[in-house]
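Student: I would like a close look at a single part of this structure, with its surroundings built up step by step. Please take one strand and describe what lies around it.

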Amino acid sequence: MPAYVIFIREQVNDPEELKLYSAKAPAANAGHSLRPLALYGDYEVIEGPEAEGAVILEFPGMAEAKAWYYSPAYQEAVQHRLKGAAYRGIIIEGVSKG
């Protein structure tokens, strides 16, 4: 079953750290099967606190999503994202198609 990584950006603290993250994060995708479904596009908060944006990434399964997130390359990049803004992040298993 597919799995989805969802990041919700709540508040930017340091734009320069986010620039470092943006420069490093693409290299972490190499060798991982992921498909961006949403990347900070137009949105409307319909429940809960306000957000500044969101990202949704699709992976073939939970194991692949975790392998990407916990990979050394992504862990090198993510430290800058977390210094740059307050985020919520989850990995959620999708439903079978069919």
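Tutor: The model is predicted, and a convenient place to begin is its largest nonpolar core, which has 18 residues. Those with the most contacts inside this core are Val5, Phe7, Leu57, Phe59, Trp68, Tyr69 and Tyr74. At least two residues of the core come from each of β1, α1, β3, α2, α3 and β4. The strand to follow from here is β3, which covers residues 53–59.

Five of the seven residues of β3 are buried, so the strand is largely enclosed by the rest of the structure. Its place in the sheet comes next. Four strands form an open sheet in the order β2-β3-β1-β4, with antiparallel pairing. The edge strands are β2 and β4 (85–93), each of which pairs on one side only. On average, and with direction ignored, neighbouring strands of this sheet are turned by 15° against each other.

On one side, β3 is paired with β1 (residues 3–12): seven bridges join the two strands, which run antiparallel. Three positions show the register. Arg9 stands opposite Gly53 in β3, Phe7 has Val55 as its bridge partner, and Ala3 stands opposite Phe59. Phe7 and Phe59 have already appeared among the residues with the most contacts inside the core.

Two helices pack on this sheet. Helix α2 (residues 62–69) touches β1, β3 and β4, and its direction makes about 40° with that of β1. Helix α3 (residues 72–84) touches β1 and β4, and its direction makes about 130° with that of β4. Tyr69, a residue of the core, is in contact with Phe7, Tyr74, Gln75, Val78 and Arg81, once its neighbours within four places in sequence are left aside.

The other partner of β3 is β2 (residues 35–39), joined to β3 by four bridges and again antiparallel. Here Pro36 stands opposite Leu57 in β3, and Leu57 is another of the core residues listed above.

Within β3, one residue deserves separate treatment: Glu58. Is Glu58 buried or exposed? Its relative accessibility is 12%, and the cut-off for buried is under 20%, so Glu58 counts as buried. The side chain of Glu58 makes polar contacts with two other side chains: that of Tyr4, at 3.0 Å, and that of Arg35, at 2.7 Å. Leaving aside neighbours within four places in sequence, the residues in contact with Glu58 are Pro2, Ala3, Tyr4, Ser33, Leu34, Arg35, Leu37 and Lys97. As background, in a regular strand the side chains alternate between the two faces of the sheet.

Ahead of β3 in the chain is the loop between β2 and β3, where Ala51 is found. Ala51 has a relative accessibility of 15% and therefore counts as buried. Leaving aside neighbours within four places in sequence, Ala51 is in contact with Ile8, Arg9, Tyr43 and Val45. Of these, Arg9 is the residue that stands opposite Gly53 in β3. The C-alpha atoms of Ala51 and Glu93 are separated by 23 Å, with the two positions 42 residues apart along the chain count.

Beyond β1, the sheet continues to β4. Nine bridges join β1 to β4, and these strands run antiparallel. One of the pairs is Val5, whose bridge partner in β4 is Ile91. Val5 is also among the residues with the most contacts inside the core.

The remaining helix to place is α1 (residues 15–24), whose buried residues are Glu17, Leu18 and Tyr21. Seen down the axis of α1, these buried residues fall within an arc of 100°, so they line one face of the helix. They pack against β1, α3 and β4. The face of α1 turned away from this buried side carries the exposed residues Lys19 and Ala23. At the N-terminal end of α1, Asp14 acts as a cap, with a side-chain oxygen 3.1 Å from the backbone nitrogen of Glu16.

To return to β3: the strand is joined to β1 by seven bridges and to β2 by four, and five of its seven residues are buried.

How values were computed. Residues numbered from 1 in each chain as written. Predicted model: local features only at pLDDT ≥ 70, side-chain atom pairs only at ≥ 80, totals over all residues. Heavy atoms only, no water. Buried < 20%, exposed > 50% of the residue type's maximum accessible area, 1.4 Å probe, protein only. Pairing = 2+ DSSP bridges. Polar contact = N/O pair within 3.5 Å; in protein donor to acceptor, adjacent residues only side chain to side chain. Contact = heavy atoms within 4.5 Å. Axes fitted to C-alpha atoms, helices over the stretch in contact; angles between N-to-C directions. Arc of directions from axis to C-beta. Core = buried A, V, L, I, M, F, W, Y, C linked by side-chain atoms within 4.5 Å.
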